[in-house]
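Okay, thanks for making room for me today. I'll put the structure up and walk you through the sheet, the helices and then the ligand site.

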Amino acid sequence: MEIKIRKAKLEDAKRIFLIQKKTKEFMTSDGSKYDFFDHDEIEDWIRKRKDQIALVAEIDSQVVGFLLARLVTRYWCLIEAVSVEGKFRKNGIGKKLLEELYKILKKEDIYIYQAFVRSDLKAPQNFWKKQGFKPRKTFTWFDKRL
Ligand SMILES: CC(C)(COP(=O)(O)OP(=O)(O)OC[C@H]1O[C@@H](n2cnc3c(N)ncnc32)[C@H](O)[C@@H]1OP(=O)(O)O)[C@@H](O)C(=O)NCCC(=O)NCCS
């Protein structure tokens, strides 16, 4: 199985959107059908090359995973979302997406990488730990709908 990691193109937005939609870990706590990013936002993310990075993983020309990250400060990258389609997980794809991100940002002296993970989901936490991320303080998420 050959895994290809590359920068996302505009035509990948649809697949990224669908993978995101199927990722149950991205749902809000009330289980509502909340889309993390809508389709247009994903296209914007792909267009903006300066401080937003969109990568995809491809197998046999089919996008099976993606990573969206943005630069928060000159040194700090926030990984907003990474997801691999269920049946392709545990094949090193998430790791490869991260490695490509490091490669791209190495030239720009980015040395802090951050990701948010729900505290009730152990599997993604294990993934980040395996990638050398350490859990920081626990925050309480406050939100409000108007
Ligand atoms: C988290 C996620 C992106 C990992 O992708 P993946 O392609 O399955 O991960 P990899 O195969 O590259 O795994 C890399 C390492 O993490 C470990 N790992 C991955 N998923 C794991 C799990 N569910 N439980 C324990 N360890 C796990 C692997 O064993 C591997 O370890 P190794 O390097 O020692 O072999 C994928 O599980 C996913 O899409 N989850 C749903 C979305 C999500 O929760 N994203 C994270 C929050 S933004």
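Let me start with a small one: which residue in S5 does Leu78 stand opposite? It's Gln114. Keep in mind as we go that what you're looking at is a predicted model.

So, the sheet that pair belongs to. We've got an open sheet of five strands, and the order is simply S1-S2-S3-S4-S5, with mixed pairing. On the edges sit S1, residues 3-7, and S5, residues 112-115, and each of those pairs on one side only. If you ignore direction, neighbouring strands are turned by 25° against each other on average.

Going through the pairings: S1 runs antiparallel to S2, which covers residues 52-59, and five bridges hold that pairing. If you want a landmark there, find Ile5 and look across to its bridge partner in S2, Ala57. Next, S3 and S4 are antiparallel too, joined by seven bridges. The connection from S3 to S4 is a hairpin through four residues. The landmark for this pair is Ala69, whose bridge partner in S4 is Ile79. Then S4 and S5, back where we started with Leu78 and Gln114, pair in the parallel sense, over four bridges. And a general reminder while you're rotating the view: side chains in a regular strand alternate between the two faces of the sheet.

Now the helices. H3 packs on the sheet, where it touches S1, S2, S3 and S4. Its direction makes about 140° with that of S2.

Then there's a helix-on-helix contact, H1 against H2. Those are residues 13-22 and 39-47, with an angle of about 125° between them and axes 9 Å apart. That angle falls outside the parallel, antiparallel and perpendicular ranges, so H1 and H2 count as oblique to each other. The crossing of H1 past H2 is right-handed. Who's actually touching? From H1 it's Ala13, Ile16 and Phe17, and from H2 it's His39, Ile42, Glu43 and Ile46. By class, that contact splits into five nonpolar residues, one polar and one charged.

Last stop, the ligand, which I guess is what most of you want for setting up calculations. How many residues surround the ligand? There are 20, and the closest are Arg89, Gly94, Lys95, Ala123 and Pro124. Three elements each supply at least two residues of that shell: S4 at 76-84, H3 at 93-106 and H4 at 122-130. H4 gives the most, with five residues. So S4 and H3, which we met at the sheet, turn up again around the ligand. In terms of chemistry, the shell is made of nine nonpolar, six polar and five charged residues.

That's my tour. Happy to rotate the view if anyone wants another look.

Note on methods: Residues are numbered from 1 along each chain as its sequence is written. This is a predicted model: local features need pLDDT of at least 70, side-chain atom pairs count only at pLDDT 80 or more; totals for chains, interfaces and linings use all residues. A residue is near a molecule or strand if its C-beta atom, placed from the backbone, lies within 6 Å of it. Ala, Val, Leu, Ile, Met, Phe, Trp, Tyr, Cys and Pro count as nonpolar, Asp, Glu, Lys and Arg as charged, and the others, Gly among them, as polar. Axes are lines fitted to C-alpha atoms, for helices over the stretch in contact, and angles run from 0 to 180 degrees between N-to-C directions. Angles under 35 degrees count as roughly parallel, over 145 as roughly antiparallel, 65 to 115 as roughly perpendicular and the rest as oblique. A crossing is left-handed if the near helix is turned anticlockwise from the far one by less than a right angle, and right-handed if clockwise. Two residues are in contact if their C-beta atoms, placed from the backbone, lie within 7 Å. Two strands pair if DSSP finds at least two bridges between them.
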